[in-house]
Amino acid sequence: MKPSAKVIAGVVCAVVVVGLAAMTVPAFAPLGTVASVAAGLRSSLESTPSDATTPSASAPADPYGPPEGYVDVGNGTWIPGGGFGDCAESAYIHMGSQDGQDFTASLFGKLVDTGVREFAAGTPAFADDGRIATYTVAPGDVPTAIGDRFCIWNGMSLTTLNGIPGSTAIQPGQVLVLDPAAVPGFVFDYPYAR
């Protein structure tokens with residue numbers, strides 16, 4: 001004989017009620033032990049020396065800040081601190097739009113040329129103030145290697161920064177913007193907003 005829907009619903013309700021009751025037991029069980037816990041805490045506080053040499057507890061970590069070992073590069077983005085490869089610190093390219101405004105691009109951190117390498121043998125150009133501004137692509141160059149050379153954590157973003165869709169290869173002789181603020185008149189053309 002099959003159980004009816006009412007029987008099944010009744011059993012399910014009973015299981016839920018028993019489960020909820022079981023969850024409340026731990027909350028009420030220690031009420032009898034509150035006095036003993038308070039007494040133990042009071043006695044441990046009284047036995048702790050209060051001189052200036054006693055180390056105080058460190059402040060808890062900011063739950064909204066970067067995790068240990070990471071640095072905040074702005075706009076809610078954290079990257080590992082300390083750089084990578086030959087880089088003492090990392091730079092980061094941020095691209096985005098807020099509240100339906102035009103897309104913008106900016107560089108956080110400082111670009112450092114760690115030297116010519118395989119897949120990043122092109123030539124950098126500098127702004128009037130000495131900052132690395134652009135890069136002329138050499139044959140065989142790829143965005144990630146260019147990013148590594150200039151300590152850009154998200155080097156693959158160089159194509160997007162320069163209005164190039166991700167599936168399009170960079171070409172020898174092409175001039176890529178590395179630092180938007182160092183290039184007068186640079187206008188970010190987000191390739192995926194077209």
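**Entry 1: a cluster of charges**

I began with a pair of charged residues: the side chains of Asp-129 and Arg-131 meet in a salt bridge, 2.8 Å from N to O. I note at once that the model is predicted. How exposed is Asp-129? Its relative accessibility is 52%, so Asp-129 counts as exposed. Arg-131 is partly exposed, because its relative accessible area is 35%.

I then looked for other partners of Arg-131. Asp-179 also forms a salt bridge with Arg-131, and here the closest N and O atoms are 3.6 Å apart. Asp-179 lies in the segment after β7 (175-177), while Arg-131 is in the loop between β5 and β6 (132-136), so this pair ties together parts that are 48 residues apart in sequence. Is Asp-179 buried or exposed? I found Asp-179 buried, with a relative accessible area of 7%. I wrote the three down together: Asp-129, Arg-131 and Asp-179 are linked in a network of salt bridges.

A general reminder for myself: side chains of opposite charge can pair when their charged atoms come close.

**Entry 2: the remaining salt bridge**

How many salt bridges does the count come to? I get three. One of them joins the side chains of Asp-113 and Arg-149, at 2.8 Å from N to O. This pair links distant parts of the chain, 36 residues apart. Asp-113 sits in the loop between β4 and β5 (123-126), and Arg-149 in helix α3 (residues 143-149). I checked the exposure of both ends. Asp-113 is partly exposed, with a relative accessible area of 30%. Arg-149 has a relative accessibility of 3%, so Arg-149 counts as buried.

**Entry 3: around Arg-149**

I stayed with Arg-149, the buried residue in helix α3. What lies 2.9 Å from a polar atom of its side chain? I found the backbone oxygen of Gly-122 there. Then I listed what Arg-149 touches, not counting residues up to four places away in sequence. The list runs through Val-112, Asp-113, Thr-114, Gly-115, Val-116 and Arg-117. It goes on with Ala-120, Ala-121, Gly-122, Pro-124 and Tyr-135. Asp-113, the salt-bridge partner of Arg-149, is thus among these contacts.

**Entry 4: the disulfide**

I searched the whole structure for disulfides and found one. It joins Cys-87 to Cys-151, with 2.0 Å from S to S. Which hand does the link have? I read -95 degrees about the S-S bond, and the link of Cys-87 and Cys-151 is left-handed. The two cysteines are 64 residues apart and link distant parts of the chain. Cys-87 is in the loop between β2 and β3, and Cys-151 is in the loop between α3 and α4 (158-161). Both Cys-87 and Cys-151 are buried.

**Entry 5: strands**

I turned to Thr-77, which has its place in strand β2 (residues 77-80). Its relative accessibility is 16%, so Thr-77 counts as buried. Leaving aside neighbours within four places in sequence, I find Thr-77 in contact with Val-71, Asp-72 and Tyr-92.

Next came strands β3 (residues 92-96) and β4, which pair in the antiparallel sense over five bridges. Which residue of β4 is the bridge partner of His-94? I found Ser-106. I also sorted the faces of β4 (residues 104-108). Ala-105 and Leu-107 make up the covered face. Thr-104, Ser-106 and Phe-108 make up the uncovered one. The general pattern fits my note: in a regular strand the side chains alternate between the two faces of the sheet.

**Entry 6: the nonpolar core**

I looked up the largest nonpolar core and counted 25 residues. Which residues have the most contacts inside it? I noted Leu-111, Tyr-135, Ile-146, Phe-150, Leu-158, Leu-161 and Leu-178. Five elements, β4, β6, α3, α4 and β7, each supply at least two residues of this core. The largest share is three residues, and it comes from β6.

I followed Leu-178 outward, again leaving aside neighbours within four places in sequence. Leu-178 is in contact with Leu-107, Leu-111, Ile-132, Ala-133 and Thr-134. Its other contacts are Tyr-135, Ile-146, Phe-150, Leu-158 and Leu-161. One of these, Leu-107, I had already placed on the covered face of β4. A last general note: in soluble globular proteins, nonpolar side chains tend to be buried together.

Note on methods
Residues are numbered from 1 along each chain as its sequence is written. This is a predicted model: local features need pLDDT of at least 70, side-chain atom pairs count only at pLDDT 80 or more; totals for chains, interfaces and linings use all residues. Side-chain values use heavy atoms; hydrogens and water are left out. Helices (H or I, at least four residues) and strands (E, at least two) are DSSP runs, numbered from the N terminus. Buried means under 20% relative accessible area, exposed over 50%, partly exposed in between (1.4 Å probe, protein chains only). Contact means heavy atoms within 4.5 Å. Two strands pair if DSSP finds at least two bridges between them. A salt bridge is a side-chain nitrogen of Lys or Arg within 4 Å of a carboxyl oxygen of Asp or Glu. A disulfide is a pair of cysteine sulfur atoms within 2.5 Å. A polar contact is a pair of N or O atoms within 3.5 Å; within protein, one must be able to donate a hydrogen and the other to accept it, and residues adjacent in sequence count only if both atoms are side-chain atoms. A nonpolar core is a set of buried Ala, Val, Leu, Ile, Met, Phe, Trp, Tyr and Cys residues joined through side-chain atoms within 4.5 Å.
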